Amino acid sequence: MGDRFFTNELIDYSQDAEVLIDTEWWHDQILKNVKTITDALQSRVSADGGLYIGSAGIAYMLYYVSLYKPFDEQKANFTQLAESILIKDAAYIEKQYSKTPYSVSFLVGPTGLYALGALLGKLTQKQEMVQENVQKFRDVAIEINKPNVAEQGFDELFAGRSGFLCGALAMEKRIGTKVLDENVINDICKAMMASGVDYSKTHNSKSPLMYAYYNSEYLGAAHGLSSILQMFLSFPFFLKSNPQNEQLVRSAVDWLLGTQQPDGNFVSTTNDLISCCADNERVHWCHGAPGVVYLLAKAYLTWQDKRYLQACIRCGDLTWSKGLLKKGSGLCHGVAGSGYVFLLLYRLTNDKKHLHRALQFANFILSEEFQKGAEAQDYPFSLYEGLAGAVCFMLDCLQPERAEFPFFNIF
């Protein structure tokens, strides 16, 4: 076993084999894990941490399983519980963040709860709830482009502009309503572009766009370059509005592609490009190939350049080898985050090998080896670090044609 991951002794896919899914068995496992999570709500989960590690992330999981038709019998109970969590969490988070720059943050702040409120309102056919939360979300856009709105790093995913755009994308897809005007999105993207160009020039970066979060030039999805570039690609009208925009973004994507390591991974920061150490390699969604793969997949869908697809496949093979992470079952740096790579590749290629691999990882989360060998987590039931994220992943293994990493859909 590696220090960070279990040795993968799972059976890989055999060419042309059928991928069989025992749907009823998986339904039982998913509902059992949902009960485990909701039973822990009163004593072991708090509102602090927003969608990322707070109870709001569990509310999102309840929303997500409520969308699944075979769980219609449980839908009323799940959505009712999700709404009660949301009401309590929104009051807490808004108070905590109201006096800070991070009042605009998505994954760890109140903006994520507005998005969740709109999604729940749509699902439960409460139009007032949808409108109220959409308006609150829109109001954040006024704040998000103010000069010096936050410290360096305000373009990143967890607390910055790219996270806000992630939320807008998720809302528009799920509620079927235009959340942000194109002019507003253009202004946000222009601010992100100017920030990246300015930082790159003043720090002599080899990429034409570069960003820092607390003085580290991260490259991965959590705080880094890849998710920021992914957001640019998610709004093609911005790229088309000025040819230089697309040229800058593509040059930055190609620079990042050029840093892919021999094993298929991407290092965490630009400093690691100088002193990369295999013992310190991270194969996580937050830092490494399992997060950068979403940018590469979006680049392939945008430009149809097979170099990006080939790089995605390399990310997948690395994740199969080193993705059974000991840090738990969650999305950020756990087995579910690794497993979503295969569901992404299945949607991208329709190759059954990737669906087989996803199911193997889902099964591993339930295995005795994992239960005994995984590290204890601070937030074991949360969406991004715990079991709630694993439940979303297991559910998506049953609907692979529509699977999506929470708030990170590229299709």
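Let me begin with a word we will need later: a cavity is a set of grid points where a 1.4 Å probe fits but cannot get out. Rolling a probe the size of a water molecule over the atoms shows where empty space is left. Please keep in mind that what you have in front of you is a predicted model.

With that idea in hand, let's go straight to the empty space. How many cavities of 30 Å³ or more does the count come to? The count comes to 3. The largest cavity holds about 50 Å³ of space.

Who lines the largest cavity? The lining includes Tyr-294, Tyr-340, Leu-343 and Leu-344, and also Ala-403, Glu-404, Phe-405 and Phe-408. Asn-409, Ile-410 and Phe-411 belong to the lining too. If you sort the residues of this lining by character, you get 9 nonpolar, 1 polar and 1 charged. And which helix gives the most to the lining? That is helix H16, residues 335–349, with 3 residues.

Now hold on to some of those names, as we move to aromatic rings. A pair of aromatic rings is described by the distance of the centres and the angle of the planes. In this model the count comes to 28 aromatic pairs. Take Tyr-60 and Tyr-63: their ring centres are 5.8 Å apart and their planes sit at 45°, so this pair is tilted. Both tyrosines lie in helix H4, residues 55–66, and they are 3 residues apart, about one turn of the helix. Are they buried or exposed? Tyr-60 has 1% relative accessibility, so it counts as buried. Tyr-63 is buried as well, at 2%.

Ring pairs also build up a cluster, and here some of our cavity names come back. Tyr-294, Tyr-340, Phe-405 and Phe-408 are among the members of a cluster linked by ring pairs, and each of these four is also in the lining of the largest cavity. The cluster also includes Tyr-52, Phe-158, Trp-285, Tyr-384 and Phe-393.

Rings can have charged company, too. Arg-307 lies over the face of Tyr-308, at 5.2 Å from the ring centre. In another place, Lys-326 lies over the face of Phe-6, and there the distance to the ring centre is 5.9 Å.

Charges bring us to salt bridges. The structure holds 17 of them, and I'd like to walk you through a few.

Start with Glu-83 and Lys-126, whose side chains meet in a salt bridge at 2.9 Å, N to O. Which parts of the chain does this pair tie together? Glu-83 lies in helix H5, residues 72–97, while Lys-126 lies in the loop between helix H6 (110–123) and helix H7 (127–144), so the pair joins parts that are 43 residues apart in sequence. The two partners have their own surroundings: Glu-83 is buried, at 14% relative accessibility, and Lys-126 is partly exposed, at 37%.

Next come Lys-322 and Asp-263, with the closest N and O atoms of their salt bridge 3.6 Å apart. This pair links distant parts of the chain, 59 residues apart: Lys-322 is in helix H15 (residues 306–322), and Asp-263 is in the loop between helix H12 (243–257) and helix H13 (270–274). Lys-322 is partly exposed, with a relative accessible area of 21%, and Asp-263 is partly exposed with 30%.

Stay with helix H15 for one more. Arg-357 and Asp-317 form a salt bridge at 3.0 Å, N to O. Arg-357 is in helix H17 (residues 352–365) and Asp-317 is in helix H15, 40 residues apart. Here Arg-357 is buried, with a relative accessible area of 5%, whereas Asp-317 is partly exposed at 34%. Salt bridges can also share partners, and that is how Arg-250, Asp-254, Asp-305 and Arg-307 are joined into one network. You have met Arg-307 already, lying over the face of Tyr-308.

Last, two stops in the loops. Pro-70 sits in the loop between H4 and H5 and is partly exposed, at 47% relative accessibility. Pro-70 and Glu-24 are 46 residues apart in sequence, and their C-alpha atoms are 9.8 Å apart in space. Ser-329 sits in the loop between H15 and H16, and at 9% relative accessibility it counts as buried. From Ser-329 to Leu-229, 100 residues apart along the chain, the C-alpha separation is 27 Å.

Thanks for listening!

Note on methods
Residues are numbered from 1 along each chain as its sequence is written. This is a predicted model: local features need pLDDT of at least 70, side-chain atom pairs count only at pLDDT 80 or more; totals for chains, interfaces and linings use all residues. Side-chain values use heavy atoms; hydrogens and water are left out. A salt bridge is a side-chain nitrogen of Lys or Arg within 4 Å of a carboxyl oxygen of Asp or Glu. Helices (H or I, at least four residues) and strands (E, at least two) are DSSP runs, numbered from the N terminus. Buried means under 20% relative accessible area, exposed over 50%, partly exposed in between (1.4 Å probe, protein chains only). Rings of Phe, Tyr and Trp (its six-membered ring) pair if their centres lie within 6.5 Å; planes under 30 degrees apart count as stacked, over 60 as edge-to-face and the rest as tilted. A charge sits over a ring if NZ of Lys or CZ of Arg is within 6 Å of the ring centre and within 35 degrees of the ring normal. On a 1 Å grid over the protein atoms alone, a cavity is a set of points where a 1.4 Å probe fits but cannot get out, and a pocket is an open set with protein on both sides within 12 Å along at least five of seven lines; lining residues have an atom within 4 Å of a point. Grid points are joined across faces, edges and corners, and a volume is the space filled by probe spheres set on the points. Ala, Val, Leu, Ile, Met, Phe, Trp, Tyr, Cys and Pro count as nonpolar, Asp, Glu, Lys and Arg as charged, and the others, Gly among them, as polar.
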